[in-house]
Amino acid sequence: MGITKAEFVISNTDVKKCPGGNLPEYAFIGRSNVGKSSLINMLTDRKQLAKTSQKPGKTQLINHFMINDAWYLVDLPGYGYAQRGKEGRETIRRIIEDYVLDRHELTNLFVLIDCRHEPQKIDLEFMEWLGENAVPFAIVFTKTDKIGKGRLQANLQAYSDKMLEVWEELPPIFTTSSEKREGRDEIIHFIEDINRRLMS
Ligand code: GTP
Ligand code: MG
């Protein structure tokens with residue numbers, strides 16, 4: 001069916017104030033500036049639904065977007081932005097941790113990773129923490145328009161090799177370019193598949 005309707009519902013820092021109604025939700029996490037908000041705009045086909053910025057640290061709240069009156073996409077603040085200072089980083093860490101651990105509606109977390117970079121400790125540790133807490137997640141390699149196909153394949157292979165040192169199997173993996181609108185159908189189908197299973 002695809003995404004036919006998308007609307008902003010609420011922003012907050014407190015997981016207890018997130019919307020009721022028990023609808024499934026899909027959230028986006030990753031380092032600041034990796035492209036979480038841009039991906040939500042690309043998926044919903046709405047240029048400015050989620051606020052984006054060239055500067056890291058733009059999204060500071062938990063943002064709920066209602067899709068097709070039936071489920072939510074959730075934009076989260078990024079982790080690992082050094083310039084926020086220790087206290088700021090701690091606040092964001094707490095928002096993310098509370099949301100991920102306490103939000104029962106969270107159905108799948110998409111962990112975004114910039115496809116240009118080598119595996120980074122902060123992302124690998126975050127995913128290990130998700131594993132320890134049995135949080136279902138998929139990886140999205142973002143900004144694929146910024147490198148050539150050959151390098152992308154090499155980077156993906158290197159990432160898989162690195163993860164298989166710790167994990168027995170790999171999570172679902174997607175590649176996207178919000179700039180070129182690539183990877184959209186794959187992610188929407190993945191979500192719709194899960195929604196169908198939840199309803200049957
Ligand atoms: P925070 O909210 O600060 O955590 O960042 P974010 O992860 O939400 O990143 P955001 O979507 O704001 O994008 C950061 C920058 O990357 C912006 O300048 C975007 O235009 C750019 N960007 C995001 N996705 C892509 C992409 O697929 N390709 C290219 N070329 N640029 C992208
Ligand atoms: Mg953002």
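Here are some friendly notes on this predicted model, point by point.

1. Let's start with the metal. The magnesium ion, ligand 2, is coordinated by two side-chain oxygens, OG of Ser 37 and OG1 of Thr 59, at 2.0 to 2.2 Å. Ser 37 belongs to helix α1 (residues 36-44), while Thr 59 sits in the loop between α1 and β3 (62-67), so the pair ties together parts that are 22 residues apart in sequence.

2. Are these two residues buried or exposed? Ser 37 has a relative accessibility of 6% and therefore counts as buried. Thr 59, at 11%, counts as buried too, since the cut-off for that word is under 20% relative accessible area.

3. Now for ligand 1. It is surrounded by 22 residues, and the closest are Lys 36, Ser 38, Gly 57, Thr 59 and Ser 178. Thr 59 is thus worth a second look, as it also coordinates the magnesium ion.

4. Which polar atoms of the protein lie by the oxygen atoms of ligand 1? Ser 38 offers a polar side-chain atom at 2.6 Å from an oxygen atom of the ligand. From Ser 178 the partner is a polar backbone atom, at 2.7 Å from a ligand oxygen. Asn 33 also takes part through a polar backbone atom, here with 2.9 Å to an oxygen atom of ligand 1. As for cover, ligand 1 taken alone exposes 660 Å², and the protein buries 89% of that.

5. Back to helix α1, which also holds Thr 44. With 6% relative accessibility, Thr 44 counts as buried. Its side chain reaches the backbone oxygen of Ile 40 at 2.8 Å. Leaving aside residues up to four places away in sequence, Thr 44 touches Ile 3, Ala 6, Leu 49, Ile 67, Leu 73 and Arg 184.

6. The aromatic residues deserve a point of their own. How many aromatic pairs does a search of the whole structure find? The search returns ten. One of them joins Phe 110 and Phe 190 in an edge-to-face arrangement, with 5.9 Å from centre to centre and 65° between the planes. This pair links distant parts of the chain, 80 residues apart: Phe 110 is in strand β5 (residues 106-114) and Phe 190 in helix α5 (residues 184-199). Both of these residues are buried.

7. Phe 190 has another partner in Phe 174. Their ring centres are 5.1 Å apart and their planes stand at 70°, so this pair is edge-to-face as well; the angle has to be over 60 degrees for that label. Phe 174 lies in strand β7 (residues 173-175) and Phe 190 in helix α5, so the pair ties together parts that are 16 residues apart in sequence. Phe 174 is buried, as is Phe 190.

8. Putting the rings together, Phe 28, Phe 110, Phe 174 and Phe 190 are linked by ring pairs into a cluster. If you have the model open, Phe 190 in helix α5 is a handy place to begin, with Phe 110 in strand β5 as a partner.

9. One last stop on helix α5 is Leu 198. Not counting residues up to four places away in sequence, Leu 198 touches Pro 24, Tyr 26 and Thr 107. How far apart are the C-alpha atoms of Leu 198 and Lys 16? They are separated by 23 Å, and the two residues are 182 residues apart along the chain.

Note on methods:
Residues are numbered from 1 along each chain as its sequence is written. Chains are lettered from A and ligands numbered from 1 in the order in which they are written. Side-chain values use heavy atoms; hydrogens and water are left out. Donors are N, O and S atoms within 2.8 Å of the metal (3.2 Å for Na, K and Ca); water is not among the atoms, so sites may look incomplete. Helices (H or I, at least four residues) and strands (E, at least two) are DSSP runs, numbered from the N terminus. Buried means under 20% relative accessible area, exposed over 50%, partly exposed in between (1.4 Å probe, protein chains only). A polar contact is a pair of N or O atoms within 3.5 Å; within protein, one must be able to donate a hydrogen and the other to accept it, and residues adjacent in sequence count only if both atoms are side-chain atoms. Contact means heavy atoms within 4.5 Å. Rings of Phe, Tyr and Trp (its six-membered ring) pair if their centres lie within 6.5 Å; planes under 30 degrees apart count as stacked, over 60 as edge-to-face and the rest as tilted. A residue is near a molecule or strand if one of its heavy atoms lies within 4 Å of it. Accessible areas come from the Shrake-Rupley method with a 1.4 Å probe; for residues, only the protein chains shown count as cover.
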